[in-house]
Amino acid sequence: MHTAPSDTEPVSRTAPPSGSASRAGRALAQIAAALVVTLLLLVVVRLPWAGDLGMHAATIQRLRHSLLHPGNPLVDADTPSPYYSPWMLLLGVVAKSTSLSVFVVLRLAALAGLGLLVTGVWRYVRTLSAHRAAPAPALLSLLLLWGPLLFNWSGFLGLNSLALTVAYPSVFAFGLAFHFWAWLTRAVRGRTAWGVWLGLGALWALILLCHQFTGVVASLGGLAMVLAARPAREALLRLGAGLLLGLLVLWLWPYYDFFALFSAGADLEAIHRPLYQDLAGRFGLVLLGVAALGFRWHRDHRDPLVLFFCLGALVFAAGGLSGHYSWGRALPAALVPAQLAAALEVVSAGRGAVRRVWACVLPAALAVGAWTQAGTLGYVVERGALPGVVAEKYRTPWVGYQWMVRAGVRYGDVVMARTFPARQIPAYGAYTVAPGYPDVFLRDAGRREAAVERYFADGTGAQERRAILREYGVRWVVGGDPAPWLREVTVGPGGQTLYRVLP
């Protein structure tokens, strides 16, 4: 019969293994975890650019110029944006009040997010195991226990993925999520004051506002903690009050309508469809954690990690079956509990023999995951200094468009550019005609994208091109063919020509 533990008592009561080999293994795990965190800190210094970094830099650009009415972060339009979260608002305040460059502010954001993530993992793991060495292998499992194929995506905690997204709001939100789970776990285990539950509700809303997909993962994890603890009626009433406060915060947030995101268009589904591809290659090593969850279920049918995994797997499977591929962003709700279970089995398995076997299998799996993500070293070491086999795994970050600023492009200028440059140009303050990313609040996004396609199409006439430039107030053009109304200003990396639009 399952008995809920006390407020301060961790779930696992198994005595830790003893002996010099066990102590050496614990020390090795702690050293490895420290080295990985150090690697990520060095990555923050370089801040490699890939993916959505330009979107977040553009968001800070708009907020540093206008905290109350920033407008669309990518195009010259007065629309709300889900990127204007409480976290980004705080970063905008920092940028505005200190005059620090946007990319320095993003480095500060990366440090804060990484700190929250590491401390959050430590706090949450301590609610699952009394073993003082448990957090180190847990952190290593979250970062390395993935698969033989490299996988990078915002909101997923693989080492290489985290290196590229460490400044993103998703990392900050995930750090908050681990703290939220730790706080909630302790709250449901004993008598907790009303203020604690209200604070949990506000924290839940903050996570959802900062990164909606991570907020879903945090919600599934929170539900699993509550189901596992079976709190008393009084605790459920206080939990309900916290939820109501959280919903009120979501409703009152002034920068965008959170609940309007539920009607997002089909663009999100197409973008997220790849999440359902190459599952074995990307996440195959997590099967070790699934096996560990089986052991945990055998010991306790209401184990919180087992429930967490089941909820995450259910949402992920439902998304694939129904064609709602954006639901695939809930996959970390299945990955995280499995990865943690794999690590905790080393210190909490019932029999010493099982622990010893697990202590051999898990490092081997982590080594495979580390080798898959060895290219991360390239973000802190010059590629030429890497061994050839490691250098082949390194993916060169994007160059950026600072050269456009030096050539005369100013804040608020509108630039005609194709999709790939449009993902970076707004980071420096300029706008593009069409957004480089899907925007659920920009009603004429399709019209803008069609205008960009027509402008760069071979068969488009001169008069139509000039009309497009006038319609959107374009002052600069990146790429395309020369024309009498364009003056070449400079040529950037990759042979990209920057033209100034003549009056």
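In this predicted model, strand β4 (residues 486-491) is joined to β5 by five bridges, and the two strands run antiparallel. Two facing pairs help to place this pairing on the structure: Thr-490 stands opposite Leu-498 in β5, while Glu-488 stands opposite Tyr-499 in β5. Together β4 and β5 make a hairpin, with five residues between the strands. Within its turn, Gly-494 adopts a positive phi of about 75°.

On its other pairing, β5 meets strand β3 (residues 474-478), to which it is joined by three bridges, again in an antiparallel arrangement. Here Val-477 is the residue that stands opposite Tyr-499 in β5. Tyr-499 is thus a handy landmark, since it faces Val-477 as well as Glu-488. Strand β5 itself spans residues 497-501, and four of its five residues are buried, so the rest of the structure largely encloses this strand.

These pairings belong to an open sheet of five strands, arranged in the order β2-β1-β3-β5-β4 and with mixed pairing. At its edges lie β2 (431-432) and β4, each of which pairs on one side only.

Moving out from the sheet, the loop between α19 (419-422) and β2 is home to Ala-430. This residue has a relative accessible area of 2% and is therefore buried, the cut-off being under 20%. Leaving aside residues up to four places away in sequence, Ala-430 touches Arg-62, Val-409, Arg-410, Gly-412, Asp-413, Val-415 and Ile-425. A further link across the sequence appears in the backbone: the C-alpha atoms of Ala-430 and Leu-74 are separated by 8.1 Å, although the two residues are 356 residues apart along the chain.

A second loop residue worth a look is Ser-81, found between α2 (53-65) and α3 (86-98). With a relative accessibility of 1%, Ser-81 also counts as buried. Its contacts, again without residues up to four places away in sequence, are Pro-73, Tyr-255, Tyr-256 and Phe-441.

Stepping back to the whole chain, the protein contains 21 helices and five strands. Its radius of gyration is 24 Å, close to the 23 Å given by the globule rule for 503 residues, so the chain is as compact as a globular protein of that length. Along the principal axes, the C-alpha atoms fill a box of roughly 80 × 55 × 45 Å.

Buried residues account for 54% of the 503 residues. Among contacts with a separation of 6 or more, 71% involve residues 24 or more positions apart; the contact between Ser-81 and Phe-441 is one example of a pairing across the sequence. The chain exposes about 21600 Å², of which carbon and sulfur atoms supply 64%. As for charge, the chain carries 43 positive and 25 negative charges, and the mean positions of the two sets are 10 Å apart.

Conventions: Residues are numbered from 1 along each chain as its sequence is written. This is a predicted model: local features need pLDDT of at least 70, side-chain atom pairs count only at pLDDT 80 or more; totals for chains, interfaces and linings use all residues. Side-chain values use heavy atoms; hydrogens and water are left out. The radius of gyration is taken over C-alpha atoms; the globule rule is 2.2 Å times the number of residues to the power 0.38. Buried means under 20% relative accessible area, exposed over 50%, partly exposed in between (1.4 Å probe, protein chains only). Contact means heavy atoms within 4.5 Å. Accessible areas come from the Shrake-Rupley method with a 1.4 Å probe; for residues, only the protein chains shown count as cover. Lys and Arg count as positive and Asp and Glu as negative; His and the chain ends are not counted. The place of a charge is taken as NZ of Lys, CZ of Arg, CG of Asp or CD of Glu. Two strands pair if DSSP finds at least two bridges between them.
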